[in-house]
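Grab your favourite viewer and work through these exercises one at a time. Try each task before you read its solution.

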Amino acid sequence: MTQDLNTLLTALYVKIDDEIGGTRWMGRPPLLSDSELICLAVAQALLGHHSEARRLRFARTHLSGMFPYLPQQSGYNKRLRAALPLVKRIIRELATDSDFWFDNHWITDSTPVPCGMSRPTVQRSNLAGWAGYGYCASHSQFFRGLRLYLVCTPAGMPIMWALANPKIGEREVLAAMLEVDAGLVAAREGIVLISDKGFASKPFETDLAEQGIELLRPSRKREKARYGEPILKKVRRLIESVDDTLKGQLDLEQHGGRTFEGVAVRVAQRILAMAAAIWHNNKTGAPVTRSLIAYDH
């Protein structure tokens, strides 16, 4: 099967339409279906269009054959924000439909999602009470925004994800994520969760062990070398490369959201685009499953 954007969008459209079984509406149905809306959101993220207006101009010129009707910018934004639950559902559906869903080795990490850098932007922001000030150790700088917590397979397929205030502890957020998806965790045996030193805590590891999860992490200073530590450096590069895909190729930090719903759906949009590319590459037998090169032009 050909690997290009049109082929990916066609396969994704069929997948979504089969999963949701068509959307029922009271009265006249919308000219742009939910399946087409999600495909447009994926195309926007893969093509690197931060602006919805620019994305719509591109779509009218190059994708009109696939999408006969395209809404105006305000209508697109409203529909996309309302479709956040559907975007979350499709991310999980794509993950379960891939070979990577059965991998019991999970990698977790958190990465900053800035939501405004200047003081006037902070003062005018509608994200007060959700976003906050945090510190990024890898860049040695403070930021204002959120943290994206991602649990994925070594191939990069998202299993769980969440956005949280950066002042909330990493272990607390991860514990809440595992509690929300307790059924998924209970259905697995022998889960190995690989993390960095930030998740180090004996009570936390005990709680994970009670759920059947073994935590692999580097040892902290003045701590005895832990089991499996020599191979963790290579494995840790995998989650760092996943973060780089989200930030470098899918422009996670350029999301442009200014409200709770806007930030959430734009972050979910990037995760969905990565999951769709991995899913399609897996189905077509591509040698590098997380490569987006075939779809970014």
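**Exercise 1. Sides of a helix**

Which residues are buried in helix 4 (residues 73-82)? Then work out which residues sit on the opposite face of helix 4.

Before starting, keep in mind that this is a predicted model.

Step 1. Pick out the residues under 20% relative accessible area, the cut-off for buried. In helix 4, that gives you Tyr-76, Asn-77 and Leu-80.

Step 2. Look down the axis. Those buried residues span an arc of only 100°, so they lie on the same side of helix 4. The general rule helps here: an α-helix has 3.6 residues a turn, so residues three or four places apart point the same way.

Step 3. Flip to the face turned away from the buried side of helix 4, and you find the exposed residues Ser-74, Lys-78 and Ala-82.

Step 4. Now ask what the buried residues of helix 4 pack against: the partners are helix 2 (34-46), helix 3 (52-62), helix 5 (84-96) and helix 11 (260-284).

**Exercise 2. Same game, another helix**

Sort helix 7 (residues 170-180) into its buried residues and the exposed residues on the face turned away from them.

Step 1. The buried set of helix 7 is Glu-170, Val-173, Leu-174, Met-177 and Leu-178.

Step 2. Their arc around the axis is only 135°, which means they share the same side of helix 7.

Step 3. On the face turned away from that buried side, helix 7 carries the exposed residues Glu-172, Glu-179 and Val-180.

Step 4. Follow Glu-170 out of the helix: Ser-110 touches Glu-170, as well as Arg-147, Leu-148 and Tyr-149, leaving aside residues up to four places away in sequence. Ser-110 belongs to strand 1 (residues 105-114) and, at 9% relative accessibility, counts as buried.

**Exercise 3. Into the core**

Which members of the largest nonpolar core touch the most other members?

Step 1. The core has 93 residues, and the ones touching the most other members are Leu-46, Leu-148, Met-160, Trp-161 and Val-267.

Step 2. Ask where the core gets its largest share: helix 11 supplies it, with 14 residues.

Step 3. Zoom in on Leu-46. Not counting residues up to four places away in sequence, Leu-46 touches Leu-5, Leu-8, Leu-250, Ala-273, Leu-292, Tyr-295 and Asp-296.

**Exercise 4. Where two helices cross**

How do helix 10 (residues 232-249) and helix 11 cross, and which residues meet there?

Step 1. Start with the axes, which come within 10 Å and cross at roughly 115°. The crossing of helix 10 and helix 11 is right-handed.

Step 2. List the residues: Val-242, Thr-245 and Leu-246 from helix 10 meet Arg-270, Ile-271 and Met-274 from helix 11. Sorted by class, the contact has four nonpolar, one polar and one charged residues.

Step 3. Check the loop between helix 10 and helix 11, where you will find Asp-251. Its phi is near 55°, a positive value in a residue other than glycine. With 15% relative accessibility, Asp-251 counts as buried.

**Exercise 5. A glycine in helix 11**

Is Gly-262 buried or exposed, and what does Gly-262 touch?

Step 1. Locate Gly-262 in helix 11. Its relative accessible area is 2%, so Gly-262 is buried.

Step 2. Skip residues up to four places away in sequence, and the contacts of Gly-262 are Arg-81 and Gly-257.

Technical notes:
Residues numbered from 1 in each chain as written. Predicted model: local features only at pLDDT ≥ 70, side-chain atom pairs only at ≥ 80, totals over all residues. Heavy atoms only, no water. Buried < 20%, exposed > 50% of the residue type's maximum accessible area, 1.4 Å probe, protein only. Helix = DSSP H or I, 4+ residues; strand = E, 2+ residues; numbered from the N terminus. Arc of directions from axis to C-beta. Contact = heavy atoms within 4.5 Å. Core = buried A, V, L, I, M, F, W, Y, C linked by side-chain atoms within 4.5 Å. Axes fitted to C-alpha atoms, helices over the stretch in contact; angles between N-to-C directions. Left-handed = near helix turned anticlockwise from the far one by under 90°. Nonpolar A, V, L, I, M, F, W, Y, C, P; charged D, E, K, R; others polar.
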